[in-house]
Amino acid sequence: MDAITALSASFNEKFDTLTIALTELRSTMTSITERVTTIEEATTNQETRLTCVEKQCAELLDECKRLKDKCNDLESRSRRNNIRLIGVAEKEENGRPTEFIAKLLPKLLGPENFSKPIQIDRAHRALRRPSDDRPRAFVIRVHHYQTKELIMKLAREKSLEYNGRRVHIFPDLTSDVLKQRYRFAELKKKCKNLGVKYGFRFPSTFIVTAKEGETKTFETPEEAGKYLSRVVDNWPVD
């Protein structure tokens, strides 16, 4: 009986220890469950907020693109009467660029092409450090748009020189438009080498006349390259 009593006491002691351990485990599990529930609620809340932020971000990106396109369009419109004259040596204007350009353009393009003096609103050198090896371009605003278009037409038809140096006249385009057109730089070089007539429609639509007077327009250099490789003899393939 003594042995049975001792064994019972030992069992009771162990059961008490086990009960305490189970109680502590139950308490720990309850705490963990509460923490997991809190984390799940926080995660759900964060996912909801993230969804809202992503939606707002997408809307802001669309708005930013719309505003950027609008700003670029407004800047382009503000430059529609502008041209750039490249190749005139530094200090030729003697500090009076507007008067100098007003007299220079008829000399370059032929005074017989203009029924009256060219009216220049203003002209200045491009805003970078001057260099004798690479003179800065003139940025010129022509008063009348029709005169500006006539100047560009004559510049495309003539080879221009001033004081023994080649000069060039280009439209004054924004940096975004220039980047878009730069994608066609390699195609322009190939067209020029093969005598293929090409140009651009604002802002960056590439226009070529390569087959029996047929004019085609392209938005990407890949499309233009595929077409030209089919219709132009000896078109170089990279």
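**View 1. Strands S4 and S5 form an antiparallel hairpin in this predicted model.** Strand S4 covers residues 160–162, and three bridges join S4 to S5. Tyr162 has Arg165 in S5 as its bridge partner. Two residues lie between the strands of this hairpin, where Asn163 takes a positive phi near 55 degrees.

**View 2. Strand S5 is also joined to strand S1.** S1 comprises residues 82–86 and S5 residues 165–171; the two run antiparallel and are connected by four bridges. Ile83 stands opposite Pro171 in S5.

**View 3. Phe100 and Tyr162 form an edge-to-face aromatic pair.** The whole structure contains seven aromatic pairs. In this one the ring centres are 6.0 Å apart and the planes stand at 80 degrees, so the arrangement counts as edge-to-face. Because Phe100 belongs to helix H2 (residues 97–109) and Tyr162 to strand S4, the pair ties together parts that are 62 residues apart in sequence. Both Phe100 and Tyr162 are buried.

**View 4. Phe184 and Phe200 make another edge-to-face pair.** Their rings are 5.8 Å apart, centre to centre, with 75 degrees between the planes. Phe184 lies in the loop between helix H4 (175–182) and helix H5 (185–194), while Phe200 is in strand S6, so the contact of the rings ties together parts that are 16 residues apart in sequence. Phe184 counts as buried because its relative accessibility is 0%. Phe200, at 22% relative accessibility, counts as partly exposed, since the cut-off for buried is under 20%. Together with Tyr198 and Phe206, Phe184 and Phe200 form one aromatic cluster.

**View 5. Strands S6, S7 and S8 build an open antiparallel sheet.** The strand order is S6-S7-S8. S6 (197–201) and S8 (214–218) are the edge strands, each pairing on one side only. On average, neighbouring strands of this sheet are turned by 25 degrees against each other, direction ignored. Five bridges join S7 (residues 205–211) to S8. In this pairing, Thr209 has Thr215 in S8 as its bridge partner. Helix H6 (residues 221–231) packs on the sheet and touches S7 and S8. The direction of H6 makes about 5 degrees with that of S7.

**View 6. Leu154 is a buried residue of helix H3.** H3 spans residues 145–157. Leu154 has 5% relative accessibility and therefore counts as buried. Leaving aside residues up to four places away in sequence, Leu154 touches Leu109, Asn113 and Phe114. The C-alpha atoms of Leu154 and Ile169 are 9.6 Å apart in space, with a separation of 15 residues in sequence.

**View 7. The charged end of Arg80 sits over the ring of Tyr145.** The distance from this charged end to the ring centre is 4.2 Å.

**View 8. Residues 50–77 are annotated as a coiled-coil region in UniProt.** The annotation comes from an unreviewed entry. In the model, the span is 100% helix and 0% strand. Its end C-alpha atoms lie 40 Å apart.

Note on methods. Residues are numbered from 1 along each chain as its sequence is written. This is a predicted model: local features need pLDDT of at least 70, side-chain atom pairs count only at pLDDT 80 or more; totals for chains, interfaces and linings use all residues. Side-chain values use heavy atoms; hydrogens and water are left out. Two strands pair if DSSP finds at least two bridges between them. Axes are lines fitted to C-alpha atoms, for helices over the stretch in contact, and angles run from 0 to 180 degrees between N-to-C directions. Contact means heavy atoms within 4.5 Å. UniProt positions are given in the numbering used here, feature names are shortened, and annotations may be inferred rather than shown by experiment. Rings of Phe, Tyr and Trp (its six-membered ring) pair if their centres lie within 6.5 Å; planes under 30 degrees apart count as stacked, over 60 as edge-to-face and the rest as tilted. Buried means under 20% relative accessible area, exposed over 50%, partly exposed in between (1.4 Å probe, protein chains only). A charge sits over a ring if NZ of Lys or CZ of Arg is within 6 Å of the ring centre and within 35 degrees of the ring normal.
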